[in-house]
Amino acid sequence: MLESLGPLVGSPWIYAVVALSVLLDVFLPVLPSGVLVITAATAAAAGSTTVTGQVPREVPSLLILILCAATASVLGDLVAYRLARRGGDRFDRAIARSRRLTKAQARLGATLARGGGALVVIARFAPAGRSVVSLGAGAARRRVREFLPWSALAGVIWAGYSVGLGYFGGQWLGASWVGAAVSVFALFGAGALAAYVMRRRPAPQPATEPA
């Protein structure tokens, strides 16, 4: 894996590719943005040597990787949020046909309003959870000040976790496909745990008027 991506991860273009991938995967969750972040961080762990013993001109900066991934994550969330918020009746009907988005609206409506936006952070790790939450927050007409701080926190935590996995996996297991694969598995494990937590969290019940 690292051998095939060697020219890219040793180039400043890796930051643009990472940012674009993270930005777009809110709409296309099949994009391997997390895998790409981990791969770049694993290359950084190689230091001055690659898996073939050659000396690259550059290795990615961990700090810039985190900043690029986190910033792109927040921007993607905001684009999805704005599209859903301004989508009109046609978009609302499309949301209503999605059980996952309907449930997200039910959770987010009360959860974000009372400052319990930890759901946004958890969803960032779940498969397609970022898409569901960002679109759900927009469709539910939540205010941006209720959603944006949690989206920013989610982006920073996710980016830091992904970069940390790639870097420390490369340090401990070597900057090879083995280290990258173990790190990716750990990322998927966090995603599976986040999906489980989201399923277990009950949707808040609407308040009832006293008789």
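Contact here means heavy atoms within 4.5 Å. Counting contacts in the protein with a separation of 6 or more, 79% are between residues 24 or more positions apart. The model is a predicted one, in which local features need pLDDT of at least 70, side-chain atom pairs count only at pLDDT 80 or more, and totals for chains, interfaces and linings use all residues. Residues are numbered from 1 along each chain as its sequence is written, and side-chain values use heavy atoms, with hydrogens and water left out.

**The whole chain**

Start with everything shown as a cartoon. The protein has ten helices and zero strands, where helices (H or I, at least four residues) and strands (E, at least two) are DSSP runs, numbered from the N terminus. Switch to a surface: about 11200 Å² is exposed, and carbon and sulfur atoms supply 65% of it. Accessible areas come from the Shrake-Rupley method with a 1.4 Å probe; for residues, only the protein chains shown count as cover. Of the 211 residues, 42% count as buried. Buried means under 20% relative accessible area, exposed over 50%, and partly exposed in between (1.4 Å probe, protein chains only).

**Helix α4**

Select residues 62–85, which form helix α4. This helix has 24 residues and reaches 34 Å from its first C-alpha to its last, close to the 34 Å expected at 1.5 Å a residue. The expected span is 1.5 Å times one less than the number of residues. Buried residues of α4 include L65, A69, S73, D77 and Y81.

Now pick S73, in α4. Its relative accessible area is 0%, so S73 is buried. Leaving aside residues up to four places away in sequence, S73 touches V22, R124, R130 and G155.

Then pick I64, also a residue of α4. I64 is partly exposed, at a relative accessible area of 37%. Add Y15 to the selection: the C-alpha atoms of I64 and Y15 are separated by 7.5 Å, although the two are 49 residues apart along the chain.

**Where α3 meets α4**

Add residues 33–45, helix α3; α3 and α4 pack at an angle of about 170°, with their axes 10 Å apart. Because of that angle, α3 is roughly antiparallel to α4. Angles under 35 degrees count as roughly parallel, over 145 as roughly antiparallel, 65 to 115 as roughly perpendicular and the rest as oblique. Axes are lines fitted to C-alpha atoms, for helices over the stretch in contact, and angles run from 0 to 180 degrees between N-to-C directions.

Which residues in α3 meet α4? They are V37, A40, A41 and A44, and on the α4 side L62, L65 and A69. By class, this contact has seven nonpolar, no polar and no charged residues. Ala, Val, Leu, Ile, Met, Phe, Trp, Tyr, Cys and Pro count as nonpolar, Asp, Glu, Lys and Arg as charged, and the others, Gly among them, as polar.

**Helix α8 and its ends**

Go next to residues 129–139, helix α8, where eleven of eleven residues are buried. Among them are R130, V132 and L135.

Select A128, in the loop between α7 (118–123) and α8. A128 is partly exposed, at 25% relative accessibility. Its phi is positive, near 60°. Most residues other than glycine have a negative phi. After α8 comes R141, whose phi is also positive, near 60°.

**Last stop: W172**

Finish at W172 in helix α9 (residues 144–173). Is W172 buried or exposed? At 69% relative accessibility, W172 counts as exposed. The C-alpha atoms of W172 and A45 are separated by 9.3 Å, with their positions 127 residues apart along the chain.
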